[in-house]
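The following note is offered to a colleague who is meeting this structure for the first time. Please read it with the sequence and the model at hand.

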Amino acid sequence: MTAEKQAVTITADTHPFLNGLWKQNPVFVMVLGMCPTLAITNSVRNAISMGLATTFVMVVSYGMISAIRKLIPKQVRIASFIAIIACGVTVVDFLVKAISIPVYQALGAYIPLIVSNCLTLERAEAYAGKQPVIKSMLDGLGMGLGFALALTCLGMVREVLGAGTFLGYPVLGSHFEPWVLFLLPPGGFISLAMWLLFFAWRKERAAKLAAAEATQ
Amino acid sequence: MTPATVLAVRTSPHAHAPRSVEKIMANVVFALLPICVYAVWLFGISALALLIVTTAAALATEQMFCRAGDKRSSIGDFSAVITGLLLGLTLPPALPLWMGGLGAFIAIGPGKMVFGGLGFNVFNPALVGRAFLQAAFPVAITTYTPAKALDRFTEFIPSTLAWPFMKAAPITEWMVKVKVDGFTGATPLMLQKFDHVTTDPWSMFLGERAGSAGETAPLLILLGGLYLIIRGMMSWRVPLAMLLSSVVLAQAFHMSDPARYPGALFVLFSGGLMLGAMFMATDPVGSPVTSRGMWIYGILMGTLTVAIRFLGGLAEGVMYAILLGNALSPLIENVTQPKTYGERRKAVAK
Amino acid sequence: MSSPIIPGPAHAPSAANSIRMVRLLGAVSLMCGLLIVATNILTKDRIQSNQETITRESVQELLPGIKKQVTYGLEPSGELKVLTGATGEGKKFFAGYDGTGKLVGVVIEASERGYADVISALYSYSPATQTIIGFKVIDMRETPGLGDRIKSDIPFLANFKGLDAKVENGKEVHNITTVKHGTKKNAWEIDAISGATISSRAVGRMLQKSVQDVTPVILKNLDRIERGN
C-alpha cells in the first residue's frame with residue numbers, strides 16, 4: 001500500500017509519458033513483465049515487435065478503462081480490467097497475423113501472454129483506473145514505449161553477441177564467432193543482469209557525486 | 001586477519017589438525033600437475049598454451065575482482081590456480097585460447113567472486129566456466145583432436161591461435177596432415193552414443209584417445225586423488241559413491257540391453273567421470289559436510305551422469321551432474337544433520 | 001487502493017449493488033466481444049492470403065520456374081482431392097507446372113520430432129525420376145548454431161538434390177537413411193552435419209516416413225496429377 005501511494009505521488013509531479021519511458025521504466029526500474037523480457041528478446045526485430053504490440057494493447061485498453069473508471073464498482077474492477085486488456089490482446093493477435101506471418105511466428109505464444117504481463121494490469125490498477133482518459137493513454141504510451149526501449153536494449157545485446165547481426169544485418173564481420181548462449185534462455189538472464197548492473201552503477205555514482213557536492 | 005581464521009567458519013566435523021587453505025590447495029595443485037604434464041605429452045603445445053591461458057586468466061580475474069571490491073587480494077590461496085587448471089583440463093585441447101580465457105573469467109567472476117569469493121560459491125567455479133563455454137560455443141567445445149598427433153610439440157593446432165572473438169580456423173586440413181589411423185574427430189563417448197562403436201576400455205585406460213585435455217588419464221587422476229585422500233585432504237566418500245553408483249547403474253543398463261548400452265568399465269574410463277569424481281565433485285565448498293550427505297551426494301551425481309549419458313541427448317553428462325549435485329548439496333546437508341545429544345523425536349516427547 | 005470508489009461498507013454489497021456489478025461486467029464483455037468480432041471480420045481475408053502467400057512462395061522456391069500450382073488433399077481413404085486454397089488441415093501436397101502445363105514436380109509437407117521440438121518442412125519430389133530434388137525447413141526450434149544448420153548448411157542441403165526415393169509395389173526400394181558425416185556412399189543416404197547428428201537424423205526419418213506414405217499415392221494417380229485436375 002505505501003509503495004503504491006508513493007508511486008502515485010511520484011507520477012503526480014512528472015509528465016505521465018516521460019515517467020513511463022524513463023524515470024519509472026517498467027523493466028529497468030520497476031522490473032515488471034519479466035516473462036516477455038526474457039523470452040522473446042533474442043533478436044532486435046522480435047523485441048521491437050513485442051514492445052509495440054504491448055504499447056498498442058496498453059494505450060487502447062487504458063483509454064477504455066479510464067473512460068469507464070467511474071462506472072466500475074470496486075469489487076469487480078480487476079475482472080473488468082482483465083476483460084478489457086484481453087480484448088485488446090486478441091485484437092493485436094489478429095492484427096499482427098494480418099500484418100506479417102513471420103513476425104507472428106517469431107512472437108508465437110507470447111502475444112496472448114501480454115494479458116498476463118503484470119505490467120499491463122499494474123498500470124491499469126495504479127494509474128488508468130484513477131486518472132482521466134488522455135493522461136491514462138499517455139501513461140500507457142510512455143510505459144509501453146519504455147518497455148519497448150528496454151526490450152530493444154536487451155535484444156541488441158543478445159542479437160549482436162549471439163548472432164553477430166543487428167536487425168538481421170551483419171555488423172561484426174564474417175569472422176566473428178557468435179556466442180550462441182545469448183540466443184538461448186540463459187542469455188536473457190545474463191543480458192538483463194548486465195543492464196541492471198549498469199543502471200545500478202550509474203545510480204550509485206550519481207548518488208556519490210551528489211553527496212560529495214552536498215558536503216562541499 | 002590471518003588466513004586460518006578466514007576458514008574457521010565451518011560446520012562439524014572439524015579437522016583435527018590445523019591446516020591452512022593454502023596448504024590443502026597447494027597439495028591439490030601438486031596432485032593435478034602430473035595430469036597436466038601427461039595432457040601436454042598427449043596433445044602438445046596447444047594443451048600447454050590452453051592451460052597457461054586459463055590459469056593466468058583465472059588469477060587475473062581474481063585479482064581484478066579483489067581490487068574492485070576493495071578486498072585483500074586472495075590469489076595467494078591457490079584456489080584460482082586450481083580453478084584455472086581444472087578448467088583447462090576439462091576443455092578440448094584445440095579450443096581457441098581466447099575462449100579458454102573467457103571461460104576462466106566467467107568461472108572466477110560470476111562463478112565465484114560475485115558470491116563473495118572462496119567458500120561462498122554455490123557451484124564449482126571451473127564447471128561454471130565450462131558450462132558457459134558449452135552453451136556459448138557448442139561447435140568449438142565439441143571439436144576434438146586425436147592424441148599423440150604428429151608435430152604436436154612444434155606446431156599449434158590451427159584453431160588454438162584464433163584471434164579473440166573471431167572464428168577458429170578450420171582444422172580439417174590439419175587433421176589430414178596428422179591423421180592418426182581411423183580418427184573421426186569424435187570422443188569414445190560420442191562414437192558410442194551416435195555410431196554405436198565401443199572403444200576398448202584398456203586403450204582408454206592408457207588415455208591415448210580423443211577427449212578433453214586432462215580427462216584421458218584415469219591412472220594419473222586416480223593416483224592424484226589417492227594422494228589427497230591418504231593425506232586426509234579430501235573425502236573418500238564422494239568419489240567412491242559417485243564412481244560406484246555409476247558403475248552399478250551402467251552395468252544394470254548394459255545387462256538389460258548389451259547392444260545399446262556400453263559396459264561398466266567403458267563408463268568408468270570414458271569422458272570426464274574420473275576427473276569429475278576426483279577433483280570437482282569433491283570441492284569442499286560445493287559438497288555436503290555430513291558423511292551420510294556425502295554418500296547421497298555422490299550417488300546422486302553418479303546416477304545423473306549415467307542417466308544423462310544413456311538417456312539424454314548429450315554424449316557426456318558429468319558436468320551437469322556435478323552442477324546439479326552442487327545445487328542440491330545444501331538441501332542434502334539439511335536433511336542429514338546428525339541429531340544433537342538428547343534430542344528426541346516429537347512423537348516420543350509427547 | 002485505500003480509498004473505496006463506491007461509498008459504503010465494501011464487505012457487504014447490497015442486492016442493488018450486485019445487479020449493478022453484473023450489468024456492468026456484462027456490458028464490458030459485450031463491448032469487448034463486439035470489438036473482437038469486428039477485428040476478426042476485418043482481418044480474416046488478409047490473414048488467409050498471408051498464409052497462402054507464404055506457402056506458395058515456399059513451393060515456388062522448391063520448384064523454380066513453375067508457373068502454376070495445384071493443391072491436392074490426401075483423404076484418409078487414399079483418394080485425392082483438388083483443394084482451392086493452399087492452407088488448411090490434413091495431409092496435402094502441391095503440384096507445380098511450367099509455362100507449357102507440364103508437371104515439374106510435387107512439393108510435399110512433412111514433419112518429425114527433432115532434438116528440441118517438431119521440425120516441419122517441405123520437400124520437392126520429381127515423379128519422373130523418383131527422386132527428392134529439394135528440401136526446406138519451415139518451422140523448428142533446434143539449437144542455434146548446431147541443429148538449426150539443417151536449414152542453411154549448404155553441403156547438407158546438397159543431399160537433397162537427387163536423393164533416391166524409388167518406390168516399387170508401394171514400398172521403398174531403399175529406405176532413406178542418415179549416415180555419419182563424410183560416409184555417404186549411396187544415392188539414398190543423407191550425409192549428416194557433423195555435430196548435429198540428432199537433427200540430421202530427424203530429417204532422414206521424416207523423409208523416409210513421408211516418402212513411404214505419400215509417393216505411392218502420387219505415382220498411382222500420376223496421370224491425373226499431370227493433367228492437373
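The points below take up selected features of chains A, B and C in turn.

1. Status of the model. This is a predicted model, and the remarks that follow should be read accordingly.

2. A helix pair in chain A. Helix α8 of chain A, residues 133–163, packs against helix α9 of chain A, residues 185–215, at an angle of about 120 degrees. The two axes are 10 Å apart. Angles of 65 to 115 degrees count as roughly perpendicular and those over 145 as roughly antiparallel; α8(A) and α9(A) are therefore oblique to each other. Their crossing is right-handed.

3. Residues of that contact. From α8(A), the contact is made by Cys153(A), Leu154(A), Met156(A), Val157(A) and Arg158(A). From α9(A), the participants are Pro185(A), Gly187(A), Gly188(A), Ser191(A), Leu192(A), Met194(A) and Trp195(A). By character, the residues of the contact between α8(A) and α9(A) comprise eight nonpolar, three polar and one charged.

4. A tryptophan in chain A. Trp22(A) belongs to helix α2 of chain A, which spans residues 16–23. Is Trp22(A) buried or exposed? The relative accessible area of Trp22(A) is 46%; since buried means under 20% and exposed over 50%, Trp22(A) is therefore classed as partly exposed. When neighbours within four places in sequence are left aside, Trp22(A) is in contact with Val29(A), Leu149(A), Phe199(A) and Arg202(A). Trp22(A) and Phe166(A) are 144 residues apart in sequence, and their C-alpha atoms are 23 Å apart in space.

5. Chain B as a whole. Chain B holds 16 helices and zero strands. Of its 350 residues, 53% count as buried. Among the contacts in chain B between residues at least 6 apart in sequence, 77% join residues at least 24 apart.

6. Strand β1 of chain C. Strand β1 of chain C covers residues 68–74. Six of the seven residues of β1(C) are buried, so this strand is largely enclosed by the rest of the structure. Four bridges join β1(C) in the antiparallel sense to strand β2 of chain C, residues 80–83. Within that pairing, Tyr72(C) has Val82(C) as its bridge partner. The hairpin of β1(C) and β2(C) has five residues between the strands, and Gly78(C) takes a positive phi near 95 degrees there.

7. Strand β3 of chain C and its pairings. The pairing of β1(C) with β3(C) is also antiparallel and runs over six bridges. Gln69(C) has Gly96(C) as its bridge partner in β3(C), and Lys68(C) stands opposite Tyr97(C). Strand β3(C) is joined by five bridges to strand β4 of chain C, residues 103–113, and the two run antiparallel. Here Phe94(C) is matched with Val107(C) as its bridge partner in β4(C). The hairpin of β3(C) and β4(C) has five residues between the strands, with Gly101(C) taking a positive phi near 90 degrees.

8. Burial of β3(C). How many of the residues of strand β3 (residues 92–97) of chain C are buried? Six of the six are buried, so β3(C) is largely enclosed by the rest of the structure. In a regular strand the side chains alternate between the two faces of the sheet. In β3(C), Lys92(C), Phe94(C) and Gly96(C) point one way, whereas Phe93(C), Ala95(C) and Tyr97(C) point the other way, and all are buried.

Definitions and conventions
Residues are numbered from 1 along each chain as its sequence is written. Chains are lettered from A and ligands numbered from 1 in the order in which they are written. This is a predicted model: local features need pLDDT of at least 70, side-chain atom pairs count only at pLDDT 80 or more; totals for chains, interfaces and linings use all residues. Side-chain values use heavy atoms; hydrogens and water are left out. Axes are lines fitted to C-alpha atoms, for helices over the stretch in contact, and angles run from 0 to 180 degrees between N-to-C directions. Angles under 35 degrees count as roughly parallel, over 145 as roughly antiparallel, 65 to 115 as roughly perpendicular and the rest as oblique. A crossing is left-handed if the near helix is turned anticlockwise from the far one by less than a right angle, and right-handed if clockwise. Contact means heavy atoms within 4.5 Å. Ala, Val, Leu, Ile, Met, Phe, Trp, Tyr, Cys and Pro count as nonpolar, Asp, Glu, Lys and Arg as charged, and the others, Gly among them, as polar. Buried means under 20% relative accessible area, exposed over 50%, partly exposed in between (1.4 Å probe, protein chains only). Two strands pair if DSSP finds at least two bridges between them.
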